[in-house]
Structure formats: structure tokens, C-alpha cells
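Please open the model in a viewer and keep the selection tool at hand. The tour below proceeds from one chain to the interface and then to individual side chains.

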Amino acid sequence: MNNQIIRIATALLCGLIFGFGLSLSGMLNPVRVQGFLDIFGAWDPTLAFVLGGAVVVAFCGVTLAKRMQHPVFEWTFYLPTSKRIDSPLIIGSALFGIGWGLAGFCPGPAIASLSQGLWQTALFVLAMVTGMVLHDRFFKKG
Amino acid sequence: MSSYWLGLAGGLFIGLAAALLLLLNGRIAGISGILGRLLAGDQLPTNGAFILGLILGPVLYTMVFGHPPVITITAPWPLLIAAGLLVGFGTRLGSGCTSGHGVLGLARLSPRSFAAVVTFLVAGVITVTLLRKFSL
């Protein structure tokens, strides 16, 4: 079979597992995410368990990938090459953190919960996409 | 207590999705990166398929458990717009979000991602603490 078709099917499956995992973890709920960030208030540590579980499995995947010549359905791994801790990284992450705290949404849960038909999520995603397009149009380096 | 276990179980699935995408397609499962490339028209079929799968994830959850995931949104609409703009702009400028830097970056032991994760966690904690202080 054509590798591109398999890659599309793989991407669909991985997105589905990712969205299922987010739903199971409770992190689709912005109140729970804000509860994790509320360390000086009614702290909800659940997100640490979610991130911990995800990082451990992903670490196994990364370790296995290092032993492979190339991915199963691709000729090369597409990994970030930049190593510098520069101001765009820090400023961008800080802006993201502020937005994350304000609404309790990061990109994954926001997109996944689009299927739940809430206007608030749709509005957030619309604004998020606008923010991405604004960046890529006016601030993209190179 | 059980919510911690559900969190851990959900995290294992998220990690599995990230590991599979890396091992099979050689791609980083960073949501802001995938959405950004999709918006730029880059690798449309695979990035589009991943986002479609992500949207269908909660539907699968509803089919398996017989009830939809709980979503409680307290932010009023002006705050949602401001937050969305900040998240969209910030994740593109900072080259990643909770998945790309948080899950994959930490798993790859990337110093850049460690710096990003500490930065967005601190910014998020300060933001929520201020929100609570002014009871928004």
C-alpha cells in the first residue's frame, strides 16, 4: 500500500488516541487545568499525573526511536534542531502561559473539545488560530 | 484519589499517541506545531488527519464510557478571546505548547523545552493566582 495513505491513517489514529487520552485525563476541563495552576489556592495536582504518565511513555518512544535508522513509514525523523534558549522561546512561552491561565485551555484540549459543541471553545479556538496566523504573517523569522 | 489515576491513565494514552507518531511517521506530536503547519498549508493530509482524530477523541470517549467528558468553562467571552490570542501567538513564537515542549520536549530531555515548560508554568501560576485574587 502507498506509504502516504498509511501515514495519513497513522496520523488520524494518533490524533484519536491523543484526544481520547485528554478526555480520560480530565484535562479537557479548563477548571481542572486552572486548579493545577492554582498552587496557592485549592490546588488540584492531577495535571502532574497526566504529564508524568505521558512523558514516561513518550520517553520510551524516544529511546526506541534513537535505535532506528528511520521511522516505519518515513525515511527520516523530523525533529527540532534549534538548541538555543533565546528570547522568542521565553517570551512566547510566557505569553502562552498567561493565556493558558486566563482560560484554562491549551491548544490540544481546546481543539479536542470542539466536538462537544460549546460556543466558548469555538470562540477560543477562533482567537487562537487568529493569534497563530498573526504571528506567522508578521513575526515569523527568516 | 481516583481522578489522579484517571489522569495517569489519560497521560499514558497521550504518551502512546506521541510515541506512535514519532516511531511510525517520524513526527513530533506538538499540537500547536501541527495546527500551525496545517494553517500554513504544510503537509495538509497528515496534519489534517491528526487534527480530525484529535477532535474525534472525545467522541470515542463518549462511546466507550456512555457520557461525554466534563467541561466547565468559567471565563467570560472577552477573556476567552484574549486568552486564545495569547495562546495562539505565544505557542508559535515559543515554538510549542504543553504537548510539544511539555510531553515530547521533556521526553527528549531538551534544554529548550525545559526552559519553555518552566516559563509557561510560572506564567500560568501567576495568572491564575491574580485571577483568584481579583475573583475573576
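Throughout this tour, contact means heavy atoms within 4.5 Å. The model is predicted: local features need pLDDT of at least 70, side-chain atom pairs count only at pLDDT 80 or more, and totals for chains, interfaces and linings use all residues. Residues are numbered from 1 along each chain as its sequence is written, chains are lettered from A and ligands numbered from 1 in the order in which they are written, and side-chain values use heavy atoms, with hydrogens and water left out.

**Stop 1: chain A**

Select chain A and display it as a cartoon. Six helices and zero strands appear in chain A; helices (H or I, at least four residues) and strands (E, at least two) are DSSP runs, numbered from the N terminus. The C-alpha trace of chain A spans about 50 × 40 × 30 Å along its principal axes. Of its 142 residues, 51% count as buried, where buried means under 20% relative accessible area, exposed over 50%, and partly exposed in between (1.4 Å probe, protein chains only). Among contacts in chain A with a separation of 6 or more, 39% are between residues 24 or more positions apart.

**Stop 2: the interface**

Now add chain B. In this pairing, 104 residues of chain A are in contact with 97 residues of chain B. The two chains bury about 9,300 Å² between them, with 79% of it on carbon and sulfur atoms; buried area is the accessible area (1.4 Å probe) that two parts lose on being put together, summed over both.

The rule finds 15 residue pairs in polar contact across this interface, both residues being at pLDDT 80 or more. A polar contact is a pair of N or O atoms within 3.5 Å; within protein, one must be able to donate a hydrogen and the other to accept it, and residues adjacent in sequence count only if both atoms are side-chain atoms. Next, colour the side of chain A that touches chain B by element: α1 (3–25), α2 (30–37), α3 (46–66), α4 (87–103), α5 (107–112) and α6 (119–138) each give two or more residues. The largest share, 18 residues, comes from α1(A).

**Stop 3: salt bridges**

Which residues are linked with Glu74(A) in a network of salt bridges? Select Arg7(A) and Arg27(B), which complete that network. A salt bridge is a side-chain nitrogen of Lys or Arg within 4 Å of a carboxyl oxygen of Asp or Glu. Between Arg27(B) and Glu74(A), the closest N and O atoms are 4.0 Å apart, and both residues are buried.

Move on to Arg92(B) and Asp136(A), a salt bridge with its closest N and O atoms 3.2 Å apart. The pair joins two chains, because Arg92(B) lies in helix α4 (residues 77–93) of chain B and Asp136(A) in helix α6 of chain A.

Within chain A, select Arg32(A) and Asp44(A), whose salt bridge has its closest N and O atoms 2.7 Å apart. Arg32(A) belongs to helix α2 and Asp44(A) to the loop between α2 and α3, twelve residues apart. Arg32(A) is partly exposed at 22% relative accessible area, whereas Asp44(A) counts as buried at 16%.

**Stop 4: Arg112(B)**

Finally, centre on Arg112(B), in helix α6 (residues 111–133) of chain B. Is Arg112(B) buried or exposed? Its relative accessibility is 9%, so Arg112(B) counts as buried. Leaving aside residues up to four places away in sequence, Arg112(B) touches Ser82(A), Lys83(A), Arg84(A), Ile85(A), Asp86(A), Leu89(A) and Ser95(B). With Ser95(B), the side chain of Arg112(B) makes a polar contact of 3.4 Å.
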